[in-house]
Amino acid sequence: MAATLQLNTTKWSLNSNQSDVLIKARHSIIAYISGSLNKFKGSIDMQNNEVEDACIEFNLDVKNQESTLKNIDSPLYINDYLDSNTFPNITFKSTSFQKISSNINFLKGNLTVNNITKTVELDAQLINITVQNGTKTAIFEISGLIKRKDFDLVANAYNHTNGISLGQDITLTANLEFVI
């Protein structure tokens, strides 16, 4: 009789107070327009407390944004890109998580922006798994380049900004803390 190894899947919750997502778009060749989206929810499923088979999911509230570039109207750029009244959320749900080494992983999943869903590949670095005051925490940094045209983010900001043009890619960086 063959023994069966039981896998225990545990759902970890995203601690949005200790997490943030930054979206940057290059403009004017050397500077960046940026805005962070800091109200979101999500979870991660891990088997036997191992990250190898993780499923990561998060939902960003686009309307809750923090502008970090004060001399240029960053909310205008974000709103030029995203119709936040019609599509107030950006969602991501992983479809695969490939562990390369102890802290380097490739995350593939479905990203939905402006009601358009595309498969994207992101880098996911496991920063640390710790236990503090009885709470187990997993910290990830997820990053990648997103093509604006893939999500119909083709606003011509050149006309809105007195000649400042925008790059073709958006850099997405998410610092996510999950707790159990």
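Visitor: Where in the chain is phenylalanine 106 placed?

Guide: Phenylalanine 106 sits in strand β8, which spans residues 104–113. A note before going on: the model is predicted.

Visitor: Is phenylalanine 106 buried, partly exposed or exposed?

Guide: The classes rest on relative accessible area: under 20% is buried, over 50% is exposed, and the range in between is partly exposed. Phenylalanine 106 has 39%, so it counts as partly exposed.

Visitor: Which residues form a nonpolar patch on the surface?

Guide: A residue needs over 30% relative accessible area to enter a patch. Here the patch consists of Ile100, Ile104 and Phe106, and together they have about 270 Å² of accessible area.

Visitor: How many helices and strands does the protein chain have, and in what order do they run?

Guide: The count is 1 helix and 11 strands. From the N terminus the order is β-β-β-β-β-β-α-β-β-β-β-β.

Visitor: What do the contacts say about links along the sequence?

Guide: Take the contacts with a separation of 6 or more; 58% of these join residues 24 or more positions apart. As for cover, 36% of the 180 residues are buried. The accessible surface of the chain is about 10100 Å², with 46% of that belonging to carbon and sulfur atoms.

Visitor: Where is serine 19, and is it buried or exposed?

Guide: Serine 19 lies in the loop between β1 (9–14) and β2 (20–27). Its relative accessible area is 6%, which means that serine 19 is buried.

Visitor: What does the side chain of serine 19 reach?

Guide: It reaches the backbone nitrogen of glutamate 177 at 2.9 Å. A polar atom of the serine 19 side chain also lies 2.8 Å from the backbone oxygen of asparagine 15. The backbone gives a related distance: the C-alpha atoms of serine 19 and leucine 176 are 4.7 Å apart, although 157 residues separate the two along the chain.

Visitor: How many salt bridges does the structure hold?

Guide: The general idea is that side chains of opposite charge can pair when their charged atoms come close. The cut-off is 4 Å between a side-chain nitrogen and a carboxyl oxygen. The structure holds 3 such pairs.

Visitor: Which residue pairs with aspartate 45?

Guide: Lysine 11 does, with 3.3 Å between the closest N and O atoms. This pair links distant parts of the chain, since aspartate 45 is in strand β4 (residues 40–47) and lysine 11 in strand β1, 34 residues apart. Lysine 11 has 53% relative accessibility and therefore counts as exposed.

Visitor: Which residue pairs with glutamate 121?

Guide: Glutamate 121 forms its salt bridge with lysine 108, the closest N and O atoms being 3.9 Å apart. Glutamate 121 belongs to strand β9 (residues 116–132) and lysine 108 to strand β8, 13 residues apart. At 61% glutamate 121 is exposed, while lysine 108, at 33%, is partly exposed.

Visitor: And which residue pairs with aspartate 169?

Guide: That is lysine 147, at 3.2 Å between the closest N and O atoms. Strand β11 (residues 166–179) holds aspartate 169, strand β10 (residues 135–147) holds lysine 147, and the two residues are 22 apart. Aspartate 169 is partly exposed at 24%, and lysine 147 is partly exposed at 47%.

Visitor: What is the mean pLDDT of the protein chain?

Guide: The mean is 75, and 66% of the residues reach 70 or more. Over residues 67–77 pLDDT stays under 50, and for that stretch the model has 20 contacts beyond four places in sequence.

Technical notes
Residues are numbered from 1 along each chain as its sequence is written. This is a predicted model: local features need pLDDT of at least 70, side-chain atom pairs count only at pLDDT 80 or more; totals for chains, interfaces and linings use all residues. Side-chain values use heavy atoms; hydrogens and water are left out. Helices (H or I, at least four residues) and strands (E, at least two) are DSSP runs, numbered from the N terminus. Buried means under 20% relative accessible area, exposed over 50%, partly exposed in between (1.4 Å probe, protein chains only). Contact means heavy atoms within 4.5 Å. Accessible areas come from the Shrake-Rupley method with a 1.4 Å probe; for residues, only the protein chains shown count as cover. pLDDT is the predictor's confidence in each residue, from 0 to 100. Patches are made of residues with over 30% relative accessible area and no salt bridge: like charges are joined within 9 Å, nonpolar side chains (Val, Leu, Ile, Met, Phe, Trp, Tyr) within 5 Å. A polar contact is a pair of N or O atoms within 3.5 Å; within protein, one must be able to donate a hydrogen and the other to accept it, and residues adjacent in sequence count only if both atoms are side-chain atoms.
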